[in-house]
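Let's walk through a model together, one feature at a time. Have the sequence and the coordinates open as you read.

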Amino acid sequence: MTIDLLAFGAHPDDVEIGAGGTLIKHQQAGYKVAIIDLTAGEMGSNGTAEIRAKESQTAGEIMGLEFRDCLGLPDGKVKNDSKAIKLVVEKIRKHRPQIVLAPYWQDRHPDHINSSQLITEACFKAGLRKFDASGEPYRPQAVVYYFLAQVDEPDFIVDISNVYETKLEALFAHDSQVNHTKKNSFKTVLNTSNFLKKLDARFKYLGSLINTEAGEGFKYKKAIELSDLTTLRGGV
Ligand SMILES: [Zn+2]
């Protein structure tokens, strides 16, 4: 199946946090969107791989994904090595996404950093005819990077105001990770009552930069082409 937007995350809730609204928005506009999680998140302090797989599928249904896969790489030990690159190349060649979404290359979590490099390298190598992996050579037309733990100056922002509630619904489907009312949960960054407040502040701030309610910011390594200047709305 070919996909318009294919988002890769290191862990099962990463894409929801960084780019969930963008995926939902494109799905609602008629594009085919999908997620591939590199790991099952089995090293998370709360939940198990089984619980997290169920939560991920529920979140995927909320976002209207065509599919959600898990590559089964080891959580906490994601490496940009030849085995992992080959697995990702085969997925890219199979689904032929126009746009690939990957974690931003700067972050506190080594898995996010390594995933960013892994996805970038795989997108390039997927287009090499002689690269040893199954499938026809294919290279996505662009790779964009979403923010996780570290937010820097975005290269562009997607207005997610109309889908913000749905994005949060998808994020909160990851109940084992983000529910701060559970008594027996190990305390993490994700399950404190502050977490939602901080995230909310992030998306409202990014929205404010484009004069809207909520936004998701992205890094993009190339210049952005603009053919219609009347789409600019930033004012003076
Ligand atoms: Zn993560």
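What follows is a dialogue between a learner and a teacher.

Q: What kind of model is this, and how are residues numbered?
A: This is a predicted model, where local features need pLDDT of at least 70, side-chain atom pairs count only at pLDDT 80 or more, and totals for chains, interfaces and linings use all residues. Residues are numbered from 1 along each chain as its sequence is written, and side-chain values use heavy atoms, with hydrogens and water left out.

Q: Which protein atoms are the donors of the zinc ion?
A: Donors are N, O and S atoms within 2.8 Å of the metal (3.2 Å for Na, K and Ca); water is not among the atoms, so sites may look incomplete. Here the zinc ion has His11 (ND1), Asp14 (OD), Asp14 (OD) and His112 (NE2), at 2.1 to 2.6 Å. The spacing of these donor residues in sequence is H-x2-D-x97-H. Distant parts of the chain are linked by a pair of them: Asp14 sits in helix α1 (residues 14–28) and His112 in helix α4 (residues 110–125), 98 residues apart. Helices (H or I, at least four residues) and strands (E, at least two) are DSSP runs, numbered from the N terminus.

Q: Why is the arrangement of the four donor atoms irregular?
A: Four donors count as tetrahedral if all angles lie between 85 and 135 degrees; four count as square planar and six as octahedral if opposite donors are over 155 degrees apart and all others between 65 and 115; anything else is irregular. Around this zinc ion the four donor atoms subtend angles of 54 to 122°, so the arrangement is irregular.

Q: Is Asp14 buried or exposed?
A: Buried means under 20% relative accessible area, exposed over 50%, partly exposed in between (1.4 Å probe, protein chains only). Asp14 is buried because its relative accessibility is 4%. His112, at 7%, is buried too.

Q: Where is Glu216 found, and what does its side chain reach?
A: Glu216 is in strand β7. With a relative accessible area of 0%, Glu216 is buried. Its side chain reaches the backbone nitrogen of Gly21 at 2.8 Å.

Q: How do I read residues far apart along the chain, such as Pro154 and Gly217?
A: Compare the sequence gap with the C-alpha distance. Pro154 and Gly217 are 63 residues apart along the chain, and their C-alpha atoms are separated by 5.2 Å. Pro154 lies in the loop between β5 (142–146) and β6 (156–159), and is buried at 16% relative accessible area. In another such pair, 52 residues separate Glu213 and Ser161 along the chain, with 5.3 Å between their C-alpha atoms. Glu213 belongs to the loop between α7 and β7 and is exposed, at 58% relative accessibility.

Q: What is the phi of Arg96, and what is that of Asn211?
A: Most residues other than glycine have a negative phi. Arg96, although not a glycine, has a positive phi of about 45°. Arg96 is located in the loop between α3 (82–95) and β4 (99–103), and is partly exposed, at 31% relative accessible area. Asn211, also not a glycine, has a positive phi of about 55°. Asn211 lies in the loop between α7 (193–208) and β7, and its relative accessible area of 60% makes it exposed.

Note on methods: Polar contact = N/O pair within 3.5 Å; in protein donor to acceptor, adjacent residues only side chain to side chain.
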